[in-house]
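This report goes through a two-chain model from its overall make-up to single residues. Please keep the sequence and the structure in view while reading.

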Amino acid sequence: MADHSGGHLLVVDDNSVNRLLLGRYLQQQGHTVAYAENGRQAVDMLRAQPFEMMLLDIEMPEMNGYQVLEQMRSDARLRDMPIIVTSALDEMHSVVQCIQMGAEDYLTKPIDQVLLKARIDASLEKKRLRDGQRDLLRKMEAELDFARNVQRSILPAQLPRTTGCDFGAVMIPARAVSGDFYEFIELDDNRVVVVVGDVSDKGVPAALFMALTYSLINAEARRALSPREALANVNRYLLNMNEAGMFVTVLYGILNRVTREFWYARAGHDQPIVLDADGQPLEIERKAGQILGILPAPALDEAHITLPASSTLLLFTDGATEAMDAAGELFGLRRVQAAFQLNRHASAQDICIRVWQVIEEFSAHQPPHDDVTLVAIKLD
Amino acid sequence: MSVIDLPTFKKLKNDVGADFVGELIATYGAETPQLMTKLQQALTAHDASAFRQAAHSIKSTSNTFGALQLGALAKELETMGREGNLTNAHHTVDQLVAEYDRVLQTLKELNHG
């Protein structure tokens with residue numbers, strides 16, 4: 001609904017009768033009015049008080065209408081104020097010039113109060129709509145910033161320092177905030193929980209759901225349950241809290257550096273790639289593994305892998321396999337594995353960076369449509 | 001041409017009320033002589049710009065009240081000022097002063113009527 005409520009307006013005219021009469025019309029129309037006798041006074045008052053609009057006479061001594069418009073144009077705080085210039089009937093060339101300099105509309109004197117109301121209402125409505133839009137944008141940006149900071153504080157600040165293991169991780173969000181996450185939880189000197197997850201949506205809703213899932217997983221991990229039990233519990237909580245119907249894929253594994261066992265549960269997520277000392281991929285049995293957050297009792301593909309000595313493990317999200325080039329072709333699992341194999345001699349962190357670079361080159365810097373997460377673990 | 005255009009005056013009175021019209025007339029009566037003094041000073045000093053500005057202001061308020069003849073005279077003077085040719089201005093200025101007296105008198109009478 002249009003907002004025509006009264007505003008605080010500035011009337012600028014060197015002629016007392018004109019000021020008085022215009023002010024009267026405006027007050028009758030529900031506005032409050034302040035007055036300036038010349039351009040200089042007008043500019044001073046504009047800088048001192050907030051006005052919604054100005055009615056500006058063009059012909060004035062000591063700083064005329066043009067000069068006022070000039071001043072306002074170069075002041076960021078005043079630039080957007082709607083201005084209606086008032087002029088004599090034979091001054092149209094001046095009016096045109098004023099409009100070119102930023103005036104929004106004009107009225108000829110003697111001023112007709114019906115026209116006055118129409119022009120003022122139109123200007124105020126536009127201004128208020130613009131102001132509303134600007135406020136909304138600012139609020140959205142602030143919320144986005146907030147979500148981004150929450151996420152930044154959630155992701156592991158440090159990589160684990162488990163003896164005999166080298167950890168690496170990168171996460172590249174598709175937008176300002178992401179739905180991907182990864183986590184390392186050191187249970188003791190020998191065991192680390194490694195988690196990679198991917199929430200179904202993107203942007204702020206996904207970020208919130210991601211933060212929720214992340215917190216639940218952290219809570220469960222410290223109870224040292226089996227991976228399957230941990231994810232089953234997380235799922236139960238997500239079911240209760242999940243009104244938006246969002247879901248998440250998770251790979252949750254406990255790495256034991258002494259036994260070199262990777263004991264994991266897989267909720268609809270990609271299997272890890274394990275390369276042995278010669279760079280050959282391990283065959284890993286794949287059972288049913290379903291997403292969390294929707295089903296009451298999802299299948300969770302629990303498995304134990306014994307990792308060979310000097311093997312390397314790569315966990316990732318489908319942002320990597322589903323990265324697209326300009327022709328719409330997918331990067332795919334084979335390319336992920338190939339890039340991984342090519343770079344397996346680098347440090348765990350460098351492996352992640354270099355695989356990401358291969359993906360980026362493939363997608364030829366197309367805007368990414370999903371978050372990409374890569375986690376690498378090298379065993380001695 | 002009558003001194004005051006009655007429809008214009010009536011509309012003004014309708015729009016803002018007789019009391020406020022009284023206020024306007026009082027302000028007009030205070031301000032216009034000052035403007036006419038400026039006009040004459042500008043004429044003496046051959047200051048076409050100041051002359052034009054004063055004439056412009058008188059024209060503006062005259063038309064507001066429906067004092068069309070006065071407005072027309074003021075417009076003539078404004079044009080002289082814009083063109084920088086004040087040679088024959090004093091004659092029209094005298095007419096302006098005389099017309100103004102009639103206008104002010106008529107306005108007061110109309111508003112009390």
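What follows describes a predicted model, beginning with each chain, then the contact between the chains, and then selected helices and residues.

**The two chains**

Chain A contains ten helices and 14 strands, and of its 380 residues 39% count as buried. Among the contacts in chain A with a separation of 6 or more, 67% are between residues 24 or more positions apart. Chain B is built from five helices and zero strands, so that its elements, read from the N terminus, follow the order α-α-α-α-α. Of the 113 residues in chain B, 37% are buried, and residues 24 or more positions apart make up 60% of the contacts in chain B with a separation of 6 or more.

**Where chain A touches chain B**

How many residues of each chain take part in the contact between chain A and chain B? On the chain A side there are 14 residues, and they are in contact with 16 residues of chain B. Helix 1 of chain A, which spans residues 16-28, gives the most to the side of chain A that touches chain B, namely six residues. Sorted by class, that side of chain A has six nonpolar, four polar and four charged residues.

Helix 1 of chain A also forms a defined pair with helix 3 of chain B, their axes coming within 9 Å and crossing at roughly 45°. Because an angle of this kind falls outside the parallel, antiparallel and perpendicular ranges, helix 1 of chain A and helix 3 of chain B are oblique to each other. In this pair, V17(A), N18(A) and L21(A) from helix 1 of chain A meet S60(B), T61(B) and T64(B) from helix 3 of chain B. By class, the contact between these two helices has two nonpolar, four polar and no charged residues.

**A helix pair within chain A**

Helix 2 (residues 39-48) and helix 3 (residues 65-73) of chain A pack with their axes 9 Å apart and at an angle of about 25°. Since angles under 35 degrees count as roughly parallel, helix 2 of chain A and helix 3 of chain A are roughly parallel to each other, and their crossing is right-handed. From helix 2 of chain A, the residues G39(A), A42(A) and V43(A) meet G65(A), Q67(A), V68(A) and Q71(A) of helix 3 of chain A. The contact between helix 2 and helix 3 of chain A has three nonpolar, four polar and no charged residues.

**Buried positions in chain A**

A42(A) also lies 8.4 Å from V11(A), C-alpha to C-alpha, although V11(A) and A42(A) are 31 residues apart in sequence. V11(A) belongs to strand 1 of chain A, residues 8-12. Is V11(A) buried or exposed? V11(A) is buried, because 24 other C-beta atoms lie within 10 Å. Apart from its neighbours within four places in sequence, V11(A) is in contact with R19(A), L22(A), G23(A), V33(A), Y35(A) and L55(A).

Helix 9 of chain A, residues 332-342, has V336(A), A339(A) and F340(A) as buried residues. Viewed down the axis of helix 9 of chain A, these buried residues fall within an arc of 100°, and therefore they line one face of the helix. An α-helix has 3.6 residues a turn, so residues three or four places apart point the same way. The cover over the buried residues of helix 9 of chain A includes strand 11 (273-275), strand 13 (312-316), helix 8 (318-321) and helix 10 (348-362) of chain A.

**Backbone features in loops**

Most residues other than glycine have a negative phi, and most peptide bonds are trans. The table sets out two residues with a positive phi.

| Residue | Phi | Loop | C-beta neighbours inside 10 Å |
|---|---|---|---|
| S310(A) | about 55° | between strand 12 (303-306) and strand 13 of chain A | 13 |
| H46(B) | near 55° | between helix 2 (18-44) and helix 3 (48-65) of chain B | 11 |

With its 13 neighbours S310(A) counts as partly exposed, whereas H46(B), with 11, counts as exposed. The peptide bond from K109(A) to P110(A) is cis, with omega near 0°, and P110(A) is found in the loop between strand 5 (105-108) and helix 5 (113-154) of chain A.

Terms used:
Residues numbered from 1 in each chain as written. Chains lettered and ligands numbered in written order. Predicted model: local features only at pLDDT ≥ 70, side-chain atom pairs only at ≥ 80, totals over all residues. Contact = placed C-beta atoms within 7 Å. Helix = DSSP H or I, 4+ residues; strand = E, 2+ residues; numbered from the N terminus. Nonpolar A, V, L, I, M, F, W, Y, C, P; charged D, E, K, R; others polar. Axes fitted to C-alpha atoms, helices over the stretch in contact; angles between N-to-C directions. Parallel < 35°, antiparallel > 145°, perpendicular 65-115°, else oblique. Left-handed = near helix turned anticlockwise from the far one by under 90°. Buried ≥ 20, exposed ≤ 12 C-beta atoms within 10 Å, placed from the backbone. Arc of directions from axis to C-beta.
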